[in-house]
Amino acid sequence: MPYNLLKGKRGIIFGALDENSIAWKTAETVHAEGGKFVLTNAPIAMRMGSINNLAEKTGSKIIPADATSVEDLENLVEKAVEILGGKIDFVLHSIGMSVNVRKGNHYTDMNYDFTTKGWDVSAVSFHKTMQVLYKKDAMAEWGSIIALSYMAAQRVFPDYNDMADNKAYLESIARSFGYFFGKDKKVRVNTISQSPTPTTAGQGVKGFDGFISFAEKMSPLGNATAQECANYTVTLFSDLTRKVTLQNLYHDGGFSNTGVSQEVMEAFIKHEE
Ligand code: NAI
C-alpha cells in the first residue's frame with residue numbers, strides 16, 4: 001500500500017541486476033511511493049541482466065557506470081541531475097563482489113589482486129560515489145544515501161571470506177563521509193545490515209542454503225526479505241528519518257541480538273528415547 005512517501009523526490013539506484021536483486025525491489029517500491037530515479041549498473045551487468053524491463057516498468061532511464069570508475073560516476077551524476085531536473089534526494093548503493101569468493105579462494109589463501117578488486121568494487125566505490133556527489137554539490141539538503149551491508153562486518157562468518165572485510169570498510173566509509181556530508185550539506189548517510197537474501201550475490205557465498213536456514217531459525221521475526229529491505233530503505237529515504245545518520249542499521253529480524261533460539265537449541269538437546 002503506497003503512502004506517497006517519496007513524492008517529488010529524485011534519486012539514483014545502483015545494483016539492480018535481476019528481479020531478485022535488493023535494488024530491483026527497492027526501485028519498484030520507490031516508484032510506487034512516487035519517487036523518480038535513474039538506474040545504473042556496470043556495463044557488463046547490463047548485458048547479463050534484465051534491467052531494461054525494470055526501466056520500462058518504472059519509467060526510468062538507465063545510465064551505465066562501473067562504480068569503480070570516477071569518470072563513469074561523474075558522467076552518471078551529471079546526467080542524472082539533468083534527466084531528473086534537479087538535485088538528488090536519495091542514493092542506493094547496492095553493490096558487492098569478491099573475486100576471491102568467485103574463484104573459491106580460501107580466506108587463508110588470498111590472491112591480493114583479487115582482494116584489491118573486491119574492496120574497490122564493494123567499499124571504495126561508495127566513497128567514490130559520495131565524493132563525486134559531494135564535489136558536484138549534487139545532493140539536495142536533507143537527502144539520504146544508503147549502502148547495503150552484512151553483519152560479517154562485526155562477527156565472524158567463516159565462509160563470508162574477504163567480503164567481511166569489505167563490509168567493515170564500507171560501514172566505516174559511511175560514518176566518515178557521513179560526517180562531512182552532514183556538516184556541509186545536511187545529507188544523511190547510513191548502511192543497512194540486511195539478513196541473508198537469495199540473490200545472485202547472496203548465493204555466491206559458500207554454504208548459502210545452510211546459512212540462510214540457520215539465520216531464519218535464529219531470528220525471532222525470521223529473515224528479512226528483499227522486499228522488506230526495500231520497504232525499510234524507503235523509510236530512510238523519506239522525510240520521516242531526517243536525523244538518522246552515521247548508523248549501521250540492522251534489518252535482520254533480530255538475528256544480530258539473539259544468542260540462541262529455541263529452534264536452534266532443539267538440534268542440540270538430547271531427548272530421552
Ligand atoms: P545482486 O547480485 O543482485 O546485486 C549486486 C550488484 O552489484 C549487481 O547488480 C552487480 O552488477 C553490481 N556490481 C558488481 N560490480 C559492479 C561495479 N563494478 N559497478 C557497478 N555495479 C557493480 O545481489 P544483492 O544481494 O541484491 O546485493 C546488493 C547488496 O546487498 C550488496 O552490497 C550485497 O553485499 C548486499 N547484501 C546482500 C545480502 C544477501 O544475502 N544477498 C545480505 C546483506 C547485504
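These questions and answers go through a predicted model, from its sheet to its helices and ligand. Local features need pLDDT of at least 70 and side-chain atom pairs count only at pLDDT 80 or more, while totals for chains, interfaces and linings use all residues. Residues are numbered from 1 along each chain as its sequence is written.

Me: Which strands are the edge strands of the open sheet?
Reply: Helices (H or I, at least four residues) and strands (E, at least two) are DSSP runs, numbered from the N terminus. Two strands pair if DSSP finds at least two bridges between them. The seven strands have the order β3-β2-β1-β4-β5-β6-β7, with parallel pairing. An edge strand pairs on one side only, and here these are β3 (61–62) and β7 (248–251).

Me: Which residue in β3 stands opposite Val38?
Reply: Strand β2 covers residues 36–40 and pairs with β3 in the parallel sense over two bridges. Opposite Val38, in β3, stands Lys61.

Me: At about what angle to β2 does helix α4 run?
Reply: Helix α4 (residues 70–84) lies across β1 (10–14), β2, β3 and β4 (88–93). Axes are lines fitted to C-alpha atoms, for helices over the stretch in contact, and angles run from 0 to 180 degrees between N-to-C directions. Two residues are in contact if their C-beta atoms, placed from the backbone, lie within 7 Å. The angle of α4 to β2 is about 150°.

Me: Why is α1 oblique to α10?
Reply: Angles under 35 degrees count as roughly parallel, over 145 as roughly antiparallel, 65 to 115 as roughly perpendicular and the rest as oblique. The axes of α1 and α10 (residues 226–237) come within 8 Å, and they cross at roughly 55°. That makes α1 oblique to α10.

Me: How do the residues of the contact of α4 with α6 divide?
Reply: Val70, Leu73, Glu74 and Val77 in α4 meet Lys128, Thr129, Val132 and Leu133 in α6. Ala, Val, Leu, Ile, Met, Phe, Trp, Tyr, Cys and Pro count as nonpolar, Asp, Glu, Lys and Arg as charged, and the others, Gly among them, as polar. The residues of this contact divide into five nonpolar, one polar and two charged.

Me: Which element supplies the largest share of the shell around the ligand?
Reply: A residue is near the ligand if its C-beta atom, placed from the backbone, lies within 6 Å of it. Of the 27 residues around the ligand, Ser21, Ala45, Gly96, Ala201 and Gly202 come nearest. At least two residues of the shell come from each of α1 (22–32), β5 (139–149) and α8 (200–203). The largest share, three residues, comes from α8.
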